[in-house]
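Welcome, and please open your viewer. We will go from the whole chain to its inside, one selection at a time.

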Amino acid sequence: MVDTIHIIVGIMGNGASLLLYAAPILTFKRVIKKGSTEEFSCIPYAVALLNCLLYTWYGLPVVSCQWENLPVVTINGLGILLETSFIVIYISFALPVQKKLVILMMAAALVVFSTTALVSSTALHDHHQRKVFVGSIGLVASISMYSSPLVAVAPNLLGCPIGLLQLVLYCIYRERK
C-alpha cells in the first residue's frame, strides 16, 4: 500500500513538473511567429535549466544511492531538453545585446553546475554528504527558478503606485467640469 502511494505521488509530481517545464511553449510559439523575443526575459529559462541540471545530477547514482531517485532524473532530464530548446529559440530571435546577456547567463549556470558536480564527485566521499551538498545548491536554484518570473514584475513596481494615484485623482475630480 505504501509503495503504491509513493508511485502515485511520484507520477503526480512528475506530471506537475512536466506542466511547469512545458508552460513556456506558447510563449515561444509566439516568439517564432513574430520573429522577435519582444520584451521577454530569458532569465527564467536559464535558471530553470540550471535547476534541471542540478536535480538530474542529484538523482544520478554518483550522488544518490543507486537509482533511488530515478523519477527525479527522468523529469529533470526532460526539463533540460525543454529549457535548452527554449534558450536556443530565444537566442535565435534575440537582439545582439540580448544574445550576449543570455550567453553570459548560460556560462554562469554551467560554471555553477560544473563546480557543483566536480566538488560533489571528488571532495565528498559518501552519498549522504553529496546529497546534502547538491540538494542545498539545488534548493537555492529552485527558489531562484520560482522567483525569476518576478523579474518581469519589477518594472511595474513604480508603475503601480502611479496608476493608483491616477485612479484616486480621477475619482476625486471626475464630477467637476
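**A first look**

Of the chain's 177 residues, 30% are buried (under 20% relative accessible area with a 1.4 Å probe, protein chains only). This is a predicted model, where local features need pLDDT of at least 70, side-chain atom pairs count only at pLDDT 80 or more, and totals for chains, interfaces and linings use all residues. Residues are numbered from 1 along each chain as its sequence is written, and side-chain values use heavy atoms, leaving out hydrogens and water.

**Select the whole chain**

Switch to a cartoon view: you will find seven helices and zero strands (DSSP runs; helices are H or I of at least four residues, strands E of at least two). The radius of gyration, taken over C-alpha atoms, is 21 Å, well over the 16 Å from the globule rule (2.2 Å times the number of residues to the power 0.38), so the chain is more spread out than a compact globule. Along the principal axes, its C-alpha atoms fill a box of roughly 75 × 45 × 30 Å.

**Select the core**

Next, pick Cys42, Ile87, Val102 and Phe113. In the largest nonpolar core, which has 32 residues, these four touch the most other members. Such a core is a set of buried Ala, Val, Leu, Ile, Met, Phe, Trp, Tyr and Cys residues joined through side-chain atoms within 4.5 Å. Now colour helix H3 (43-59), one of the elements giving two or more residues to this core; H3 supplies its largest share, 12 residues.

**Zoom in on Val102**

Which residues does Val102 contact, leaving aside neighbours within four places in sequence? They are Cys42, Ile87, Tyr90 and Ile91, where contact means heavy atoms within 4.5 Å.

Note on methods
Buried means under 20% relative accessible area, exposed over 50%, partly exposed in between (1.4 Å probe, protein chains only).
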